[in-house]
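Visitor: I am new to this structure. Please take one part and look at it closely with me, then show me how the rest fits around it.

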Amino acid sequence: ATSPRVAEGKKLVASAACETCHAAKVGGDGTVMYTRKDRKVSTKAKLVAQVARCSNELNLGLFPDDEAAIAEYLNFSYYKFKD
């Protein structure tokens, strides 16, 4: 069972068009960004920081709670970091 924050994060990823931007950078459907071998994100803290970096660079206007929900969704769906 997923948490409401994971569901909210999934909606925010769609509305912010995260994977559309990623697809332009790495190809495929954009989710390859999360699973590629040379990914920069290797901890939950780095994941939170990367979500904030994307939000800031693209002026997405996301609140910190939104960024945290996105990171929670991505961790649940792709990264599986424990800490």
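Guide: Here is a close look at the opening helix, followed by the whole fold and a group of rings.

Keep in mind that this is a predicted model. Start with helix α1. It runs over residues 4-15 and holds 12 residues. From first C-alpha to last, α1 reaches 17 Å. At 1.5 Å a residue, 16 Å is expected, so the two values are close.

Now ask which residues of α1 are buried. They are V6, G9, L12 and V13. Their directions cover an arc of only 120° around the axis, which puts these four on the same side of α1. The spacing has a simple background. An α-helix has 3.6 residues a turn, so residues three or four places apart point the same way.

Turn to the other side of α1. There P4, K11, A14 and S15 are exposed. In this model, buried means under 20% relative accessible area, and exposed means over 50%. So α1 has a buried side and, on the other side, exposed residues.

What do the buried residues of α1 pack against? They pack against three other helices: α2 (18-26), α3 (32-35) and α5 (64-79). After α1 comes A17. The phi of A17 is positive, near 60°.

Step back to the whole protein. It has five helices and zero strands. Along the sequence the pattern reads α-α-α-α-α. The C-alpha atoms fill a box of roughly 30 × 30 × 20 Å, taken along the principal axes. For 83 residues, a compact globule would have a radius of gyration near 12 Å, and the protein agrees because its value is 12 Å. Buried residues make up 31% of the 83. The protein exposes about 5400 Å², and carbon and sulfur atoms supply 56% of that area.

How are distant stretches of sequence joined? Take the contacts between residues at least 6 apart in sequence. Of these, 58% join residues at least 24 apart.

Two of the helices that α1 packs against, α3 and α5, supply an example. V32 is found in α3. V32 is partly exposed, with a relative accessible area of 35%. V32 and Y78 are 46 residues apart in sequence. In space they are 9.9 Å apart, C-alpha to C-alpha.

Rings join these helices too. The structure holds four aromatic pairs. One of them is formed by Y34 and Y78. Their centres are 4.5 Å apart, with 40° between the planes, and the pair is tilted. Y34 lies in α3 and Y78 in α5, so the pair ties together parts that are 44 residues apart in sequence. The partners differ in cover. Y34 counts as buried, at 3% relative accessibility. Y78 counts as partly exposed, at 24%.

Another pair is made by Y79 and F81. Their ring centres are 5.4 Å apart and their planes meet at 20°, so this pair is stacked. Y79 is buried, with a relative accessible area of 9%. F81 counts as buried as well, at 14% relative accessibility.

These pairs belong to a wider group. Ring pairs link Y34, Y73, Y78, Y79 and F81 into a cluster.

Return to α1 to finish. V6, G9, L12 and V13 are its buried residues, and they pack against α2, α3 and α5. Helices α3 and α5 are also tied by the pair of Y34 and Y78.

Technical notes
Residues are numbered from 1 along each chain as its sequence is written. This is a predicted model: local features need pLDDT of at least 70, side-chain atom pairs count only at pLDDT 80 or more; totals for chains, interfaces and linings use all residues. Side-chain values use heavy atoms; hydrogens and water are left out. Buried means under 20% relative accessible area, exposed over 50%, partly exposed in between (1.4 Å probe, protein chains only). The arc is that of the directions from the helix axis to the C-beta atoms. Contact means heavy atoms within 4.5 Å. The radius of gyration is taken over C-alpha atoms; the globule rule is 2.2 Å times the number of residues to the power 0.38. Accessible areas come from the Shrake-Rupley method with a 1.4 Å probe; for residues, only the protein chains shown count as cover. Rings of Phe, Tyr and Trp (its six-membered ring) pair if their centres lie within 6.5 Å; planes under 30 degrees apart count as stacked, over 60 as edge-to-face and the rest as tilted.
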